[in-house]
Amino acid sequence: MADQEFPDQDLTDETQDQPDDGRGEDPVPKADDQTEGKNQEVTEEGRETETPRVEDTQKEAVVAEGETTAEDPTEPINEDDTHEDEPVQHKTKGPEHLAPAPSPVQAHQGMETEKTAEPEPDVDPTAQTPRSKVNLEATATVKFVLMPSGQVVTQACVLGQTLEQLKQHFSTELKMPVNLILLMFDGKTMTDSMTLADLGVGPNGTIQLELQSADPVNTPIKAYRPRQEYHMPDVITVRVQAEDSTYKDVVVEIERTTRKKPFLGGYRHKKTSVEYHHASAQTMQKPRAPSGVERNCRDTQTVEQHHRPQQTTNDMATQMTAIGVFISNMEDKLVRPKKYTTADEYHAMILTQVIILQKYYRRWLAKRYVAKLKEDKRKRLEFERLEEIRKKKEKADRIKKEFERRMNPKNKEDFDLLYHALEKWRLEELERINTTLSGAERKAALCMLLDQETQLIAAIGRHKIEADGENKDMRIQDFLDKAAAPKRWKGFDGKATEMDTPFTIRAKELRDIYNSINMKYLTQDERLDVLLTLKHTVKEHDCKLTQEIIELIDREADLLMRGVKESNLDGLRKRISTLFLQYIKTPTFNPEAAKLLKVPQDPSVLRKNIYFCPSCNSYLPSTDFAISSNSRSVGKCRRCEKIDNDARIRQDYSHYRYMLKQLRKAEEHYGDGSKIAFLLQEHDLRYLVDKVWGGQSILSAWDDLFDLTMVRWNKHEEWSPWNCILLTKDEAASHDKLVNLEEGYGKVFMQKVQQKHVLARNYFSRLPGMAEHVRERANERDTRSGPSIQGQAVSVQ
C-alpha cells in the first residue's frame with residue numbers, strides 16, 4: 001500500500017464500527033453485486049453505474065506492498081514527528097466505498113471538487129458521437145443557466161439521461177409544470193427524447209444548457225435552492241460475502257464518539273514521504289462489570305511508626321560541697337518556684353493574647369476600610385460636583401452658541417434654526433390668539449401676527465443676503481488656495497514632502513494678482529502698478545475675454561489719470577474682478593482649476609448621473625438631490641427642498657444630523673461591517689427618535705435631545721432600528737458595560753424595548769435600501785449553513 005494515497009478523513013462515522021481483525025487488511029466488506037467484470041450499483045433514478053472491483057483494488061495494494069517490502073524504504077516515526085513536521089494522512093478505508101453513486105440532483109455535494117483535480121476535456125458540441133460507442137452510463141457535468149436571472153446550477157448527469165427526465169427533475173425543484181420548462185442548447189430548442197450523448201458530450205465532459213420558461217410573464221423561473229447536505233444515518237445495512245460464496249446482510253450501527261483516537265506511532269515511506277500509522281481500536285471498550293467484592297488498599301492496612309529520641313546531646317557536671325571540699329556560694333542565687341501553670345491555663349493565656357491581637361488588627365482593617373470609604377465618597381462627590389459644573393457650562397455654552405447663531409447666521413443650519421424658532425413662535429402666538437380672542441379682535445390679532453411674521457422673514461432675508469456675500473468671498477478664496485496648494489505626500493520616514501509644479505506656480509501667481517486687485521485703500525501709483533501687472537498677465541492669451549479685461553483696465557487707468565473719485569469706480573473694479581475670476585477658472589489659462597470645477601469639462605462625463613427636478617425644471621447632477629431611504633424616485637433638488645422647508649415646514653434637522661454623525665462614528669469603532677447606520681438619513685432618524693421612542697430616554701424619561709444618544713441594544717450585533725435604545729449619554733456609558741442584558745434589566749422593561757423594536761422593524765424593513773440589506777444578511781446566514789452553488793446568490797423570498 002506504499003503507492004496508494006487516500007484522502008484525510010476523520011474516521012468517526014462509518015469506519016469506527018468495523019473492528020480490527022489483526023490481519024493488517026482494511027475492513028472493507030465485499031458487496032453482493034461485485035462480479036468478475038464490473039460492479040453494478042443502483043442509483044436513486046433506477047440506473048446502474050460502473051464501479052471498479054474490490055478484488056482489483058486489493059491486488060494493486062498487494063503489489064504495491066510487495067515493492068515496498070523488498071526495498072524497505074520505511075523509517076519509524078513517533079508522535080512528535082507527525083504532529084510537528086508533516087500533516088497526517090489516514091490510510092483506513094471505510095464503508096464509504098459501498099455508498100451509492102451520487103445522483104444527478106446531488107451536484108453540490110462534492111462532485112465538482114473531485115473533477116477539478118484533473119483537466120476537463122474540451123467538448124465539441126457539433127461533433128456527433130455514435131451512441132453505440134459511447135458509454136451511456138458514464139457521467140458528465142451539465143451547467144444549467146436559469147434565464148433571465150443568469151443563475152448557474154451545476155449537476156452531474158449520466159449520458160443516457162433524456163431531456164424529459166431533466167425537465168421532470170427541475171419541475172419538482174422549481175415547482176412549476178413540465179410543459180412550461182424549455183431546455184435550449186446553443187440557442188436552439190431540443191426535443192424531449194434526446195439524451196446528453198446525442199448533444200455531443202462525452203464521458204467526464206462539460207456542457208451548458210439554458211433553462212427558460214414558456215410563459216415568463218405569468219410563470220417565471222424562480223431562484224434555485226440547493227438541497228441540504230447529506231447526513232449519515234445511524235444504522236446501515238452491509239452485504240458481506242461468506243466463505244461458501246453466499247451473501248448475508250449485516251445491520252451495522254454507526255457509533256459517533258467524541259473521543260480522540262490515540263496515536264500509537266507508525267512508519268514513513270522514505271521515497272514518497274507517506275505516513276502509515278499503527279492500528280488502534282475504533283470503538284469504545286466495554287466497561288468491566290463490578291464484582292461486588294470489597295477490596296482495600298495495602299496502605300490503609302498498615303501504620304507507619306516513627307522513633308525520635310528525646311535525650312540531650314551535651315553532658316553537664318556539677319560539683320557539690322563535700323568532706324574535704326569547700327565550694328563558695330557567694331555568687332549563688334536562690335530560685336524559688338512560682339505558681340505552677342497547667343496546660344489549660346497556658347493555652348487559655350495564648351488564646352487571650354491572640355484575641356487581643358486579632359481585635360487590634362481588625363480595628364486597623366476597619367479604620368482603613370472606613371478611611372477608604374470616606375475617600376471614595378469625597379472623590380464621588382467631587383466628581384459629581386465637577387460633572388454638574390461641566391454640564392452647566394456645556395449647557396450655557398450651547399445656549400450662548402445658539403444665541404450667537406441666531407444673531408449672526410452664516411450657514412444653512414443657522415437659517416434653519418431661525419426659521420424653526422420663527423415657526424415655533426408663530427404657533428404659540430396663534431394658539432394664544434385662538435384661546436383668548438374671538439370675532440373681530442381675533443381677526444385683527446391675526447393680521448398683526450401676519451405683519452410681524454412678514455417683518456421677521458424680511459429681517460432673516462437681509463441676514464441671508466449678507467451671509468451669502470461673505471460665504472461667496474470665502475468660497476472664492478478657498479478655491480484659489482486649493483488651486484495654488486503644492487502637491488503633498490508622506491515619505492517612508494513619515495515626513496511630509498511638498499512639491500510645486502508649473503501648474504501650481506501659475507495658480508499661485510493668479511491668486512496673488514486677484515488678491516491685489518481686490519485690495520482697498522491703495523494709492524494711485526500702486527493701483528496703476530497692479531493694473532499693469534494684470535494687463536501683462538492676460539495679454540498672453542488673445543480671446544474675447546482677455547480683450548474685454550484689457551479694455552476695462554485701460555478705461556480705469558484713464559479715469560484714474562483724470563482724477564475720478566474711487567467711490568465712482570467701484571462698479572468698474574467689480575467687473576474687472578469678476579472677469580478675472582472667470583479667467584482664473586478657465587482650464588485653458590489655469591490648468592490646475594480643472595480639478596476643482598463643479599461642472600466637468602468632458603461632455604461625456606456631464607451626461608452621466610443627471611436628473612430632472614420637477615420643481616425648478618432644471619437638470620442637475622445627482623449630488624444636488626437629497627434622497628432618503630424611503631424614497632423610490634429622485635424628487636426635488638436640495639435647493640427646492642430648502643425653499644419649501646423655509647416657506648411651510650420650517651423644520652430644523654441640525655440636532656438629528658449631529659446625532660446621526662455620532663452614531664456613525666460609534667459604529668466605525670466597532671469595526672464589524674455595520675451598514676444600516678449609514679443607510680439612514682436625518683428624516684429617518686427623526687422618525688425613529690420622535691415616533692418610536694417618543695423623544696425621551698426609556699430609562700429616565702429625559703427629553704432634552706442634546707443629552708440623548710442612540711446606542712446598540714445588543715452590542716454583539718450590528719446597529720439597526722430594531723437593535724437600538726435611546727438613552728442619555730451617562731446611561732449609554734453604563735449600558736455598554738453590561739455583559740448580560742437579562743441581569744441588568746427586568747422582564748417588563750425588556751418586553752417594552754422589544755415592542756419598540758417591533759414597531760421600528762415594521763416601518764424600516766419596508767424601505768428599499770433597508771430591505772435589500774436585510775435580504776443580503778439573510779442570504780449570508782443561509783449560505784453558511786447549507787451547500788453552495790455556482791452563480792449568483794439565491795435571494796430570500
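**Helix pairs and a loop leucine in the predicted model**

The axes of helix H8 (residues 502–517) and helix H11 (570–584) approach to within 11 Å and cross at roughly 170°. Because angles over 145 degrees count as roughly antiparallel, H8 is roughly antiparallel to H11. On the H8 side, the contact is built from Arg506, Leu510, Ile513, Tyr514 and Ile517, while H11 contributes Ser577, Phe580, Leu581, Tyr583 and Ile584. Sorted by character, the residues of this contact comprise eight nonpolar, one polar and one charged. As with everything described here, this arrangement comes from a predicted model.

A second helix pair is formed by H6 (residues 412–436) and H7 (residues 440–484), whose axes come within 11 Å and cross at roughly 175°. This crossing angle makes H6 roughly antiparallel to H7. From H6, the residues taking part are Phe415, Leu418, Tyr419, Leu422, Trp425, Arg426, Glu429, Leu430, Ile433 and Asn434. They meet a set of H7 residues made up of Arg442, Ala445, Leu446, Leu449, Gln452, Glu453, Leu456, Ile457, Ile460, His463, Lys464 and Ala467. The contact of H6 with H7 divides into 14 nonpolar residues, three polar and five charged.

Attention can now turn to the loop that follows H11. Leu597 is located here, between helix H11 (570–584) and helix H12 (603–606). With a relative accessibility of 23%, Leu597 is classed as partly exposed, because the buried class is reserved for values under 20% and the exposed class for values over 50%. Leaving aside residues up to four places away in sequence, Leu597 touches Phe479, Lys585 and Pro587. One of these partners, Phe479, falls within the span of H7 (residues 440–484). Another, Pro587, is ten residues from Leu597 along the chain, and the C-alpha atoms of the two are separated by 9.2 Å.

These local features belong to a protein of 797 residues, of which 29% are buried. Its secondary structure includes 20 helices and 18 strands. Of the contacts between residues at least 6 apart in sequence, 62% join residues at least 24 apart. The exposed surface of the protein amounts to about 55300 Å², and carbon and sulfur atoms supply 52% of that area.

Technical notes
Residues are numbered from 1 along each chain as its sequence is written. This is a predicted model: local features need pLDDT of at least 70, side-chain atom pairs count only at pLDDT 80 or more; totals for chains, interfaces and linings use all residues. Side-chain values use heavy atoms; hydrogens and water are left out. Helices (H or I, at least four residues) and strands (E, at least two) are DSSP runs, numbered from the N terminus. Buried means under 20% relative accessible area, exposed over 50%, partly exposed in between (1.4 Å probe, protein chains only). Contact means heavy atoms within 4.5 Å. Accessible areas come from the Shrake-Rupley method with a 1.4 Å probe; for residues, only the protein chains shown count as cover. Axes are lines fitted to C-alpha atoms, for helices over the stretch in contact, and angles run from 0 to 180 degrees between N-to-C directions. Angles under 35 degrees count as roughly parallel, over 145 as roughly antiparallel, 65 to 115 as roughly perpendicular and the rest as oblique. Ala, Val, Leu, Ile, Met, Phe, Trp, Tyr, Cys and Pro count as nonpolar, Asp, Glu, Lys and Arg as charged, and the others, Gly among them, as polar.
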